Amino acid sequence: MSFLNLGILAHVDAGKTSLTERLLFDAGIIDRVGSVDSGSTQTDSMELERRRGITIQSAVVAFRLGGTTVNLIDTPGHTDFIAEVERALRVLDGAVLVVSAVEGVQAQTRVLFRTLERLGVPTLLFVNKVDRRGAREAGLLDDLASMLSPNLLPMGTVEAIGTGDARAVPFAFTDRAFADRAADLLSAGSDEFLAAYLDDPGTLDYDAELAAQVRTGQVHPVYFGSAVTGTGAAALTEGIRRYLPVPQGDPEAEAVGTVFKVEHVGQKIAYVRMRAGRIAPRDALTAYRRGEYGAVEEHEGKVTAVEVFDHGTATVPGEAGPGSIAKVKGLSDIRIGDAIGSPDGLAGGGLFTPPTLETVVRPADPNDRVPLNRALLSLAERDPLVDPHLDELSEEMAVRLYGEVQKEVVASLLDEEFGIGVEFEETRAIHVERPVKPASALHEMGQWAQTTNVATVGLRLEPGEPGSGLHYGLEVERGSLTRALRNAVEEGVFAYLRRGLYGWAVTDCKVWLTATGYIGRTSTAAHFRDTTMYLLDVMLRESGTVVCEPVNRFHVEFPAGTGNAVLKTLGEARADIKGQFSTETTGYVSGFLPTEAVHGVERRLPGLTEGLALFTTEFEEYRPVFGPPPRRGQRA
């Protein structure tokens, strides 16, 4: 049996869950197309998802396409749940990126497409809602080409677009005009195809060449249709079958896979995407993960049950082979992101920026303080980036967030699943600190040592490029320290730089270990860890740090006549306006806005513009704070 793990991705409200329903209906999995508004879809199974009409957690549903089982992964569209999307992206063989024919290319559309390209995931585009008033074709294709990629091949056109009678009409390679357009695009990606086209175009296999270039990410077919009426869905399904890859793993190899989701239904259930080998009940497995300080950890477990997706959301017990997605039970210590069988499958870094907001959460009933802590840790197993931690100023638990909707979801989950009512403080931005200049320090054990630690440690701190993160490296031989002492230095680096001079995490820098020395069993890991932290304190004070706040890029459209009120609101929110123009009916403003101010602007715009403003935003970067830097606790 072969498998295709297919992701459906989109900006919120573009219609990806509705498209999932349509594909399942056409495949005979369901006998009617569910509705997001009525909460009757297959993949939005959480009560909260049905009530709010949004996807919060990734869901898997299977259908057959010829001899291939397609594991269709429906992902959240709202930016507050981008971490869930990231986990799904890492297990995909191909993707369908849904774009609304009315709203067009939106902020999240661009983010998702860039990420799919970076990961090399073959991607088809589906332009949905062609039956809606205001739907576009030619102009939208121009936007797709300019905002996403010029390497797009429209696979059809639309008759009566923007009406209830809209009908998608597929192209065929027997159509000379379409074949010529395809040849121009495919020739740019293959010298062999170009030579053959110039020599004898009548003998070319356009379909095979298109498949080859789609699978290498060079070309992206574009389909038009409507998930509601079903027009264009059959052509998309055929495109999935023809152009997306069906990888083949070795079933006889050691079991290797990736955990991309964890559920709690009486026990932990790990969703594992198998890459090679097989998993069966009673198998002993090793899961690898990166520890708190970056070191790879091993965790053993024994499988008690395996269920493979087979038909819709139903699973069947048995073995999980290469390419399949399975629910695996019995691994009590398993976590999202774990690599099964080999550490080579561990993710090398986040695809998206970590949460840039946080809030303090406290129980409505003070007696629920301990149960709340346990509940937050349980939620963190499903979404590690929530990162429950003790807020040093309030001495209450705090969680990290992407936005206000996620805060509402956390409150609902705590109430409905754990019976704990909670209150939140106002959401605040998570700042970071960047070192200003290089610094170095050396501690040599002996009579002139600054501490009594029996450890020689030399360190150098170097500022890095913005967005580069925190990196640690060696300029000494690995054998110059034992593994335990070497790990102690690394742990000390990452532990200390969690809080800089102003209390924020230090990032965008490199720390190098430049000198080492120890005495047999006399030198301990504690000596090296403490010495490392002492030297970092010296270097950080010598270097100095600049506090940076998260900033979003924004674009707002608003009715003529409301511009003064909109601009006043943006000014009060410290917006950095970079572009502004207007027509007789509409005003346009774009620029940068502190992430902390985004929700306030979003909340005020409808009242200022009679609900007609269109506001889009996405994280851009961290920028230095002007004026006195905000503090989050302070080192003594």
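Visitor: How many bridges join strand β12 to strand β17, and in which direction do the two strands run?

Guide: In this predicted model, two bridges join β12 (residues 284-290) to β17 (residues 339-340), and the strands run antiparallel. One bridge involves Ala287, whose partner in β17 is Ile340.

Visitor: What makes β12 and β17 a pair of strands?

Guide: Pairing requires at least two bridges between the strands, and two bridges join β12 to β17, so they count as a pair. They belong to an open sheet of eight strands in the order β13-β12-β17-β10-β11-β16-β14-β15, with antiparallel pairing.

Visitor: Which strands are called the edge strands of this sheet, and what makes them so?

Guide: The edge strands are β13 (296-302) and β15 (314-317), each of which pairs on one side only.

Visitor: Why is Ser146 called exposed?

Guide: The cut-off for an exposed residue is over 50% relative accessible area, and Ser146 has 57% relative accessibility, so Ser146 counts as exposed. Ser146 lies in helix α5 (residues 138-147), and its side chain reaches the backbone oxygen of Asp143 at 3.2 Å.

Visitor: How do you know that the buried residues of α5 are on the same side of the helix?

Guide: The buried residues of α5 are Leu140, Leu141 and Leu144. They cover an arc of only 105 degrees around the axis, and therefore they lie on the same side of α5. On the other side of the helix, Ala138, Asp142 and Ser146 are exposed. The buried residues of α5 pack against β4 (94-100), β5 (123-128), β6 (152-154) and β9 (220-224).

Visitor: Why is Thr595 called buried?

Guide: A residue is buried when its relative accessible area is under 20%, and because Thr595 has 8% relative accessibility, Thr595 counts as buried. Thr595 is placed in helix α15 (residues 595-608).

Visitor: What makes the approach of the Thr595 side chain to Val551 a polar contact?

Guide: The limit for a polar contact is 3.5 Å, and the side chain of Thr595 reaches the backbone nitrogen of Val551 at 3.4 Å. Leaving aside neighbours within four places in sequence, Thr595 is in contact with Thr356, Leu357, Pro550, Val551, Asn552 and Phe619.

Visitor: Which residues have the most contacts inside the largest nonpolar core?

Guide: That core has 41 residues, and those with the most contacts inside it are Val96, Leu236 and Ile240. Helix α6 (residues 176-189) gives the most to this core, with six residues. A second, separate core has 38 residues, including Ala88, Val130, Leu152 and Tyr402.

Note on methods: Residues are numbered from 1 along each chain as its sequence is written. This is a predicted model: local features need pLDDT of at least 70, side-chain atom pairs count only at pLDDT 80 or more; totals for chains, interfaces and linings use all residues. Side-chain values use heavy atoms; hydrogens and water are left out. A nonpolar core is a set of buried Ala, Val, Leu, Ile, Met, Phe, Trp, Tyr and Cys residues joined through side-chain atoms within 4.5 Å. Buried means under 20% relative accessible area, exposed over 50%, partly exposed in between (1.4 Å probe, protein chains only). Helices (H or I, at least four residues) and strands (E, at least two) are DSSP runs, numbered from the N terminus. A polar contact is a pair of N or O atoms within 3.5 Å; within protein, one must be able to donate a hydrogen and the other to accept it, and residues adjacent in sequence count only if both atoms are side-chain atoms. The arc is that of the directions from the helix axis to the C-beta atoms. Contact means heavy atoms within 4.5 Å.
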